[in-house]
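Let's walk through this chain together, starting with how its parts are named and then moving along to the details.

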Amino acid sequence: ADIPVIPDLEEVQEEDLAMQVAAPPSVQVNRVLTYHDLDKDLRKYAAFQTLDGEVDLKLLTKVLAPEHELREDDVSWNWDHLFTEVSSELVTEWDLGQSERED
């Protein structure tokens, strides 16, 4: 049962290809604009005031929220805590619905 076997050439070539890693593609990365840059461009260029030359966006640009109102702190989620909180709220809502039906 312990007879050594000489591998075929095809098997050796398949193993060599399996151990090789392809080179990653080279992609040109363009600079991503910040909120500040976008806000500045929005107010600066009249081209952003209309869409397709027909739709007036001036009213929309006046009511857009500033960047500092959109920023939120990163909050890590704990699955157990989040699950307990959501299930507790659902049970509370269900209990309220049951008590309203009974009344």
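Helices here are DSSP runs of H or I with at least four residues, strands are runs of E with at least two, and both are numbered from the N terminus. With that in hand, you can place L38: it sits in helix α2, residues 35-44. Keep in mind that this is a predicted model.

Now for the whole chain. There are five helices and two strands, and reading along the sequence you meet them in the pattern α-α-β-β-α-α-α. Of the 103 residues, 4% count as buried. The chain exposes about 10700 Å², with carbon and sulfur atoms supplying 57% of that.

Back to L38. Its relative accessible area is 42%, and because partly exposed covers the range between buried (under 20%) and exposed (over 50%), L38 counts as partly exposed. L38 also belongs to a nonpolar surface patch with L33, Y35 and L70, and together the four have about 380 Å² of accessible area.

How far can you trust the picture? The mean pLDDT of the chain is 78, and 78% of its residues reach 70 or more. Among the elements, helix α1 (residues 9-19) has the lowest mean, 63, while α5 has the highest, 90. Where pLDDT is low, predicted coordinates shouldn't be read in detail.

So let's finish on α5. At 1.5 Å a residue, its 24 residues (79-102) should span 34 Å, and the end C-alpha atoms are 34 Å apart, which agrees. N78 caps the N-terminal end of α5, with a side-chain oxygen 3.1 Å from the backbone nitrogen of D80.

Conventions. Residues numbered from 1 in each chain as written. Predicted model: local features only at pLDDT ≥ 70, side-chain atom pairs only at ≥ 80, totals over all residues. Heavy atoms only, no water. Expected span 1.5 Å × (residues − 1). Polar contact = N/O pair within 3.5 Å; in protein donor to acceptor, adjacent residues only side chain to side chain. Buried < 20%, exposed > 50% of the residue type's maximum accessible area, 1.4 Å probe, protein only. Areas by Shrake-Rupley, 256 points an atom, 1.4 Å probe, with all protein chains shown as cover. Patch = residues over 30% accessible without salt bridge, like charges linked within 9 Å, V, L, I, M, F, W, Y side chains within 5 Å. Salt bridge = Lys/Arg side-chain N within 4 Å of Asp/Glu carboxyl O. pLDDT = per-residue confidence, 0-100.
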